[in-house]
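Colleague: Could you take one strand of this model and walk me through its surroundings in some detail? I would like to follow how that single part sits among its neighbours.

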Amino acid sequence: MAHKVSPLRFAYDALDPYIDAETMELHHDKHHQTYVDNLNKTIEPYPHLADLTTENLLRRLDQVPEEIRTAVRNHGGGHANHQLFWEILGPKARPSPKGAIGDAITKHFGSFVRFQSLFTDAAAKHFGSGWAFLVVNPSTEGLEIMSLPNQDSVLLHGRPALLCCDVWEHAYYLKYRNRRPDYLLAWWNVIAWDVVDQRLEDVRAGKGHG
Ligand code: MN
């Protein structure tokens with residue numbers, strides 16, 4: 001079973017003016033697709049890996065043959081990270097979270113504004129290409145902010161992700177050029193908080209994502 005890029009739930013221009021259509025199309029159809037193509041190519045000679053989901057390949061990376069471990073980490077991570085990124089984005093987003101996720105953010109970070117500032121800081125200051133994540137710590141059940149380099153997945157760290165932000169230049173360079181902070185400021189306008197809320201409910205109900 002080959003790994004596949006899921007179609008977007010919305011049109012390429014649906015996040016405009018925050019994320020432009022050309023960036024969305026290239027990012028989804030070319031950048032994400034390349035990770036998936038490379039992942040499929042990497043595991044093709046290993047039939048015993050064919051039935052594992054991308055998430056399970058990353059969770060069990062130590063069981064993946066050593067000669068393809070780095071390639072699976074990079075391309076599998078690139079696939080999993082982008083799948084999550086498209087999932088948590090949406091047009092006509094609410095400015096701030098409500099429900100369980102809103103309560104959890106207030107509980108663990110003091111306020112939504114403080115969370116926004118800490119997350120933005122982690123994403124803005126991440127050196128080079130990588131991602132910022134909001135994750136659940138399975139031992140404390142607390143919410144944490146993580147930033148990881150390259151295409152590393154939070155699954156390598158046993159943390160289910162609720163939210164992620166791509167800070168590779170390909171995610172913002174066409175519109176924002178070198179201004180990563182401007183992209184981050186805009187990004188807060190296109191988060192599908194209902195999806196993030198559902199992910200938290202799923203993690204708490206033991207239904208996965210971790
Ligand atoms: Mn990307």
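Modeller: Along strand β1, the residues Gly130, Ala132, Leu134 and Val136 point one way while Trp131, Phe133 and Val135 point the other way, and all are buried; buried here means under 20% relative accessible area, exposed means over 50%, and partly exposed lies in between, with a 1.4 Å probe and protein chains only. Helices (H or I, at least four residues) and strands (E, at least two) are DSSP runs, numbered from the N terminus. Please keep in mind that this is a predicted model, in which local features need pLDDT of at least 70 and side-chain atom pairs count only at pLDDT 80 or more, whereas totals for chains, interfaces and linings use all residues. Residues are numbered from 1 along each chain as its sequence is written, and side-chain values use heavy atoms, with hydrogens and water left out.

Seven of the seven residues of β1 are buried, so the strand is largely enclosed by the rest of the structure. On one edge, β1 pairs with strand β2 (residues 143-149) in the antiparallel sense over seven bridges, where pairing requires that DSSP finds at least two bridges between two strands. Within that pairing, Leu134 has Ile145 of β2 as its bridge partner, and Gly130 is matched with Pro149. The two strands form a hairpin with six residues between them, and Glu141 in the turn has a positive phi of about 60 degrees. β1 is also joined to strand β3 (residues 161-166) by five bridges, again in an antiparallel arrangement, and there Val135 has Ala161 as its bridge partner.

The loop between β2 and β3 deserves a look as well. Pro160 lies in this loop and, at 7% relative accessibility, counts as buried; its C-alpha atom is separated by 8.0 Å from that of Pro138, although the two prolines are 22 residues apart along the chain. A salt bridge (a side-chain nitrogen of Lys or Arg within 4 Å of a carboxyl oxygen of Asp or Glu) joins Glu144 to Arg159, with the closest N and O atoms 3.3 Å apart. Glu144 lies in β2 and Arg159 in the loop between β2 and β3, so the pair ties together parts that are 15 residues apart in sequence. Glu144 itself is partly exposed, with a relative accessible area of 25%.

Turning to the nonpolar side chains, a nonpolar core is a set of buried Ala, Val, Leu, Ile, Met, Phe, Trp, Tyr and Cys residues joined through side-chain atoms within 4.5 Å. The largest such core has 53 residues, of which Leu89, Phe115, Leu134, Leu143, Leu163, Trp187 and Trp193 touch the most other members. Strand β1 (residues 130-136) gives the most to this core, with six residues. Domain 1 (20-87) and domain 2 (99-204) both give residues to the core, so it lies between them; these bounds come from an automatic or database domain assignment. Leu163 touches, among others, Ala132, Phe133 and Leu134, in a list that leaves out residues up to four places away in sequence. Contact, here and below, means heavy atoms within 4.5 Å.

A helix also belongs to these surroundings. In helix α4 (residues 99-109), Ala100, Ile101, Gly102, Ala104, Ile105 and Phe109 are buried, and the buried residues of α4 pack against α5 (112-125), β1, β2, β3 and α8 (193-204). After α4 comes Gly110, whose phi is positive, near 95 degrees.

Finally, there is the wider setting of the two domains. Their C-alpha centres lie 20 Å apart, and the contact takes 20 residues from domain 1 and 21 residues from domain 2. The area buried between them is about 1,800 Å², of which carbon and sulfur atoms give 63%; buried area is the accessible area (1.4 Å probe) that two parts lose on being put together, summed over both. Asn81, Leu84 and Phe85 supply 32% of the area that domain 1 buries against domain 2, more than any other three residues. Across this interface the rule finds two salt bridges. Asp152 forms a salt bridge with Arg73, the closest N and O atoms being 2.8 Å apart. At 7% relative accessibility Asp152 counts as buried, whereas Arg73 is partly exposed, with a relative accessible area of 33%.
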